[in-house]
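User: I'm new to this structure and would like a close look at one part of it. Could you walk me through the salt bridges, and then finish with a helix pair for contrast?

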Amino acid sequence: MIASIPVEATDDAFWDQFWADTSTTVQDVFALVPAAEIRAVREESPSNLATLCYKAVEKLVQGADSGCPSERQRQIVLNCTRLLTRILPYIFEDADWRGFFWSTVPGAGRDEGDDDDGSRPLAESLLLAVADLLFCPDFTIQSHHKTSPDGAEDMQSIDSCEYIWEAGVGFAQSPQLNYTHDLNRTELLKLLLTCFSEAMYLPPSTDNLCLNPWVTFFCSTDNRHALPLFTSLLNVVCAYDPVGYGIPYNHLMFSDPREVLVEQAVQILIVALEHGAWPARPSADFSSSTSGMEDHEVHSQNRDFSFILKGVARLLTNPLIQTYLPNSTKKIQFHQELLVLFWKLCDFNKKFLFFVLKSSDVLDVLVPILFYLNDARADQSRVGLMHIGVFILLLLSGERNFGVRLNKPYTVRVPMDIPVFTGTHADLLIVIFHKIITGGHQRLQPLFDCLLTVIVNVSPYLKSLSMVAANKLLHLLEAFSTNWFLFSSSQNHHLVFFLLEVFNNIIQYQFDGNCSLVYTIIRKRNVFHQLANLSSDPDSIQKKKQKTTSAGISRTNSQETVSMEGSRPAIPAEPGTLKASLVAMPAIDKLTEKAQVSEDGTMVCLQQNTHSPQTTTDQHRHTPQPTHTPQPHTAGDQHTHSPQSVVSWKSKLPLQTIMRLLQVLVPQVEKICIDKGLTDESEILRFLHHGTLVGLLPVPHPILIRKYQANAGTAMWFRTYMWGVIYLRNVDPPIWYDTDVRLFEIQRV
């Protein structure tokens, strides 16, 4: 289709054939322009490929300037959009071509009156034309009134703030739904996402965390539509209601162009927010504003935040909806992108994060996240989803309000294959974390540190754990302190430290309401005695290491009871499922910084290497490298357990508080049982509930919180995860399929 012999740029008859057809679709373009042909032209006739790109951008610029008043012009714009979407990945995959769009082409400026003498890099001309076309009357937005003498609305005088696509943040009126406009917006956004995808063709390395020039320019003040577009995308996503009028099976009868637009919108948002690039305005700073929110008074800002939080929570909850008619409501598929969006909004905008934590709506986000974690734990193709869910909970758990919110009773019955219990959202979190650790696949082991850090962070605020959750915590301690696990890696003792810290926090700060946990500790007291008496002589350690097995952490001694109604067990991915590889996740000490909670509730950051045996040995843990999915620690760990190291960490085991509790309460409980002939645990629980240890325990230790801290390792992890999701989700058309992507590998499960 593209000639291999050079064709003059002035040969309009030849070049116009690429965008003149009035009946092509994006799928047609992908079928008619095969990969082999694009690569052949790139190698054998580079001038033709350069001219084709230049001409296609020129047509978009002309369309943006004229406002596409005729149907034919709109078709030309759409055809050029599809053609560039097809070709750009093949430009990016070749290092010699990557700078082509950033070279200046004479006469390619917006108009000859530009300050830059009419010469802009082709990339800038392309991005500005796409931005203009996204606010083009009768093409992507409803026409208002201001018209020029030829009847078309003057594109340069358009104030796109009046044409925001959906009501929500900073915009009150809801424009009439127009399916054609939605489809045209989707095609332009697809091209924009393709422009941003240069990152896929650079290998993963924390040195490569440079800014993406396409994203940086598009979100800069050079693009007058950046802020209205950011607001449009955010509002379109957060206002979307997949259930609609609730007519059963409506999604099977007709397609919903708005859903496709929402998917593209959320993908553009997460890519552009990667560097905190939006919103663009003079002196804008996303760390303190989201789409101009600092200009609103607090009430207005809270209304905007509430709209975003409720929208995200509604969409995340959508796949959990139970109906009497199976599969009768539409289930969205873009929950991974939503989780990344929620993460970025919380991470970049502290005001939004504090609003989320102040609102009880945070639990409407927590429950679906826990559902996804539980549902994906057996599926190796969804290990990235497990990580993002846990990262969000780690971020939230660094704030006191999150722990306090978890005390709210859990009454919604989401269908999950976990034991039925009566309790709080904290119980739900602990039960599901236990299920992930005991019933997930091997590759989740690097997440254990993170999961337990979340529980440690919230533990000082948990007023009343259920018996089910208390049993789960004790079972984890039992499993982690077995010889085969404790000595299979030099790092595994950290998990025991985390759990002991959980018990200490609850005993010291929430003893009164936690009789179930205290009773369970008394019942399982031999676990603590064994830890206190752990042998550290070389012969014993050697014998224990020889007895280690490769078995996973089993469910032994954990009473699995009836699962929730409507639940189904987590299942592995079907054979042949594609997944994108991930870089290694940084160790927990790289992911977090320690903060001490002072008496007035404020937090004081601590220097590393204080108050914890952890940091002494954490320094040599797996640091982020451009390897693929992290492997669990195994018995072949290079750091062996020397008797000295065992003696060192054993001496720091924080057992004093628990041993004192056992010393005081065990004789009392035994005496009651003998005196009253008790076999009923409810009587013992009643006694413990009214008991007190005031003045009997060691002085309460300071509350230590491990707050998430941004770092190059997680930034790289997020980049590979986000682009891997986008690659796998864009299959119609398959934009990047079969191109030489270097950021990750595509593997079959």
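Analyst: Let's start with a yardstick for side chains: a residue is buried under 20% relative accessible area, exposed over 50%, and partly exposed in between. Keep in mind that this is a predicted model.

Now for the charges. Side chains of opposite charge can pair when their charged atoms come close. Here, with a side-chain nitrogen of Lys or Arg within 4 Å of a carboxyl oxygen of Asp or Glu as the test, the count comes to 26 salt bridges.

Take Asp-132 and Arg-224. They form a salt bridge whose closest N and O atoms are 3.8 Å apart. Asp-132 sits in helix α6 (residues 122-133), while Arg-224 is in the loop between α8 (213-218) and α9 (226-239), so this pair ties together parts that are 92 residues apart in sequence. How do the two partners sit? Arg-224 has a relative accessible area of 38%, so it is partly exposed. Asp-132, on the other hand, has just 5% relative accessibility and therefore counts as buried.

Next up is the pair Asp-361 and Lys-310, whose side chains meet in a salt bridge at 2.8 Å, N to O. This one also links distant parts of the chain: Asp-361 lies in the loop between α14 (350-358) and α15 (362-376), and Lys-310 in helix α12 (residues 298-317), 51 residues apart. Asp-361 comes in at 17% relative accessibility, so it counts as buried. Lys-310 is at 46%, which means it counts as partly exposed.

Then there's Glu-43, which forms a salt bridge with Arg-42, with the closest N and O atoms 3.0 Å apart. Arg-42 counts as buried because its relative accessibility is 9%. Both residues belong to a network of salt bridges that links Arg-39, Arg-42, Glu-43, Glu-93 and Asp-94.

Now the helix pair. Helix α18 (residues 425-439) packs with helix α19 (residues 448-458) at an angle of about 165 degrees, and their axes are 11 Å apart. Angles over 145 degrees count as roughly antiparallel, so that is how α18 and α19 run relative to each other. The crossing of α18 past α19 is left-handed. Where do they touch? On the α18 side it's Leu-429, Ile-430, Phe-433, Ile-436 and Ile-437, and they meet Phe-448, Leu-451, Leu-452, Val-454 and Ile-455 in α19. By class, that contact has ten nonpolar residues, with no polar and no charged ones.

Conventions. Residues numbered from 1 in each chain as written. Predicted model: local features only at pLDDT ≥ 70, side-chain atom pairs only at ≥ 80, totals over all residues. Heavy atoms only, no water. Axes fitted to C-alpha atoms, helices over the stretch in contact; angles between N-to-C directions. Helix = DSSP H or I, 4+ residues; strand = E, 2+ residues; numbered from the N terminus. Parallel < 35°, antiparallel > 145°, perpendicular 65-115°, else oblique. Left-handed = near helix turned anticlockwise from the far one by under 90°. Contact = heavy atoms within 4.5 Å. Nonpolar A, V, L, I, M, F, W, Y, C, P; charged D, E, K, R; others polar. Buried < 20%, exposed > 50% of the residue type's maximum accessible area, 1.4 Å probe, protein only.
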